[in-house]
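Here is a friendly tour of one model, moving from a helix and its partner to a few residues elsewhere. Please have the sequence and the structure at hand as you read.

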Amino acid sequence: MKLSVLQENLLKDLASSVRVVGNKPQIPVLSHVLLRAGKSGLEVQATNLELGWRGWVGASVEEEGEITVPVKTLFELVGNLGTGKMELCADGPLLKLVSSGVKASVNGSVAEEFPVLPSYEQEEAIILKSNVIKNLIEKSVFATAG
């Protein structure tokens, strides 16, 4: 995997990923984020097996590939780099980052260990009139009274 991406764009998706990952997951790979470089850019995935998150970052992909790395480590590292273009390169289980004269590397693992997130196809929308929703809320609001 080899690509170029804007630091601020990657940082936004990593911030969302950090919120999904738990503090002390039972399975070590659940503390990781999956980075998958493809034709349409960089896909970022995180999960705690109850909640999954998937985002896309615009990137110039030179070589497709995927890797998982600890999301909190990567988030802090990318956050401390200056804004602008940065390069990511996966060499086996090692992710190398280069940005404005700063070089860093993060130990990761192979992407095959990361849980597969379900994919959903867009279904037909359901249209409800506002008075129907209001009526349903009025009938159920008593259950929230404490």
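Which residues of α1 are buried? They are Gln7, Leu10, Asp13, Leu14, Ala15, Ser16, Ser17 and Val20, where buried means under 20% relative accessible area, exposed over 50% and partly exposed in between, with a 1.4 Å probe and protein chains only.

A word on the ground rules: this is a predicted model, in which local features need pLDDT of at least 70, side-chain atom pairs count only at pLDDT 80 or more, and totals for chains, interfaces and linings use all residues. Residues are numbered from 1 along each chain as its sequence is written, and side-chain values use heavy atoms, with hydrogens and water left out.

**The helix and its cover**

Helix α1 covers residues 7-20, which is 14 residues. From first C-alpha to last it reaches 20 Å, close to the expected 20 Å, the expected span being 1.5 Å times one less than the number of residues. Helices (H or I, at least four residues) and strands (E, at least two) are DSSP runs, numbered from the N terminus. Among the elements that cover the buried residues of α1 are β1 (2-6), β2 (32-38), β3 (41-47), β4 (52-57), α2 (71-80) and β7 (85-91).

**Packing against α2**

The axes of α1 and α2 are 9 Å apart, and the two helices pack at an angle of about 150°; axes are lines fitted to C-alpha atoms, for helices over the stretch in contact, and angles run from 0 to 180 degrees between N-to-C directions. That angle makes α1 roughly antiparallel to α2, a term for angles over 145 degrees. On the α1 side, the contact (heavy atoms within 4.5 Å) is made by Gln7, Leu10, Leu11, Leu14, Ala15, Ser17 and Val18. From α2 come Val71, Lys72, Leu74, Phe75, Val78 and Gly79.

**A residue in β2**

Val33 is found in strand β2 and, at 0% relative accessibility, counts as buried. Leaving aside neighbours within four places in sequence, Val33 is in contact with residues including Leu14, Ser17, Val71 and Leu74. Val33 and Trp53 are 20 residues apart in sequence and 9.8 Å apart in space, C-alpha to C-alpha.

**Two loop residues with positive phi**

Neither of these residues is a glycine.

| Residue | Loop | Phi | Relative accessibility |
|---|---|---|---|
| Leu49 | between β3 and β4 | about 75° | 54%, exposed |
| Ser100 | between β8 (94-99) and β9 (102-107) | about 40° | 60%, exposed |

Methods. Angles under 35 degrees count as roughly parallel, over 145 as roughly antiparallel, 65 to 115 as roughly perpendicular and the rest as oblique.
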